[in-house]
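Subject: Structure handover

Hi,

Here is the structure I promised to pass on. Have a look at it first, and then read my notes below.

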Amino acid sequence: MLFHVRMDVRIPHDLDADTRAALVAREKAYSQKLQRAGKWPHIWRIVGEYANYSIFDVESTDELHELLSALPLFPYMDILVTPLARHPSDVKE
């Protein structure tokens with residue numbers, strides 16, 4: 001199942017700098033692990049924002065929820081999920 005996911009990150013400005021750096025490093029490692037596993041095949045930065053558009057390829061909505069809620073930055077994110085289906089005009093079909 002494919003999902004388009006927008007993630008807006010809102011880390012508090014008063015968060016300790018070392019805590020913030022460790023959190024961001026854990027986030028990067030976790031996201032790259034999911035990318036290498038094929039669960040997170042696409043990620044794009046949204047220009048001018050601390051946000052991204054991503055595509056997830058998972059078995060179920062439950063799996064997507066588990067992956068997203070395990071993100072180290074999850075407590076500081078607003079997330080919008082859109083399920084995707086193949087388009088009948090796609091030349092690859």
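Let me start with something you can look up on screen: which residue in strand 4 is the bridge partner of Phe3? The partner is Pro83. Please keep in mind that this is a predicted model.

Now for the overall picture. The chain has two helices and four strands, and along the sequence they come in the pattern β-α-β-β-α-β. Along the principal axes, the C-alpha atoms fill a box of roughly 50 × 25 × 20 Å. Of the 93 residues in the chain, 30% are buried. If you take the contacts between residues at least 6 apart in sequence, 68% of them join residues at least 24 apart.

Next, the sheet. The four strands make an open sheet in the order 2-3-1-4, with antiparallel pairing. Strand 2 (42-45) and strand 4 (77-84) are the edge strands, so to speak, each pairing on one side only. From one strand to the next, the twist averages 15°. As background, strands of a sheet pair through backbone hydrogen bonds, either parallel or antiparallel.

Here is how the pairs work out:

- Strand 1 (residues 2-9) pairs with strand 4 over eight bridges, in the antiparallel sense. Besides the Phe3 and Pro83 pair, you will find His4 opposite Thr82.
- Strand 1 also pairs with strand 3, again antiparallel, over seven bridges. In this pairing Asp8 has Ala51 as its bridge partner.
- Strand 2 and strand 3 are antiparallel too, with four bridges. His42 stands opposite Ile55 here. These two strands form a hairpin with five residues between them, and Gly48 in the turn has a positive phi of about 80°.

Why can strand 1 be called largely enclosed by the rest of the structure? Because six of its eight residues are buried. Helix 2 (residues 61-69) packs on the sheet, where it touches strand 1, strand 3 (51-57) and strand 4. The direction of helix 2 makes about 25° with that of strand 1.

Val81 is a good residue for seeing that packing. It sits in strand 4 and touches Phe3, His4, Val5, Leu64 and Leu68, leaving out residues up to four places away in sequence. Is Val81 buried, partly exposed or exposed? With a relative accessible area of 35%, Val81 is partly exposed, because that value falls between the 20% and 50% cut-offs. For a sense of distance, Val81 and Asp16 are 65 residues apart in sequence and 30 Å apart in space, C-alpha to C-alpha.

On to the pocket. The largest pocket holds about 300 Å³ of space. It is lined by 17 residues, and the closest to its centre are Glu27, Ser31, Ile43, Arg45 and Asn52. Strand 1, helix 1 (17-36), strand 2 and strand 3 each supply at least two residues of the lining. Which element gives the most? That is helix 1, with six residues.

Asn52 deserves a closer look, as one of the residues closest to the centre of the largest pocket. Its place is in strand 3. Asn52 counts as buried because its relative accessible area is 10%, and the cut-off for buried is under 20%. The side chain of Asn52 makes a polar contact with the side chain of Ser54, at 2.7 Å. Setting aside neighbours within four places in sequence, Asn52 is in contact with Val5, Arg6, Met7, Ile43, Trp44, Arg45 and Ile46. Two of these names, Ile43 and Arg45, also appear among the residues closest to the centre of the pocket.

Finally, go to the segment after strand 4, where His87 has its place. At 51% relative accessibility, His87 is exposed, because the cut-off for that is over 50%. His87 and Ala70 are 17 residues apart along the chain, and their C-alpha atoms are separated by 31 Å.

If you want a place to start clicking, try Asn52 and its polar contact with Ser54, and then follow strand 1 across to its bridges with strand 4.

Cheers

Conventions
Residues numbered from 1 in each chain as written. Predicted model: local features only at pLDDT ≥ 70, side-chain atom pairs only at ≥ 80, totals over all residues. Heavy atoms only, no water. Axes fitted to C-alpha atoms, helices over the stretch in contact; angles between N-to-C directions. Contact = heavy atoms within 4.5 Å. Buried < 20%, exposed > 50% of the residue type's maximum accessible area, 1.4 Å probe, protein only. Polar contact = N/O pair within 3.5 Å; in protein donor to acceptor, adjacent residues only side chain to side chain. 1 Å grid on protein atoms, 1.4 Å probe; cavity = no way out; pocket = protein on both sides within 12 Å on 5 of 7 lines; lining within 4 Å. Points joined across faces, edges and corners; volume = space filled by probe spheres on them.
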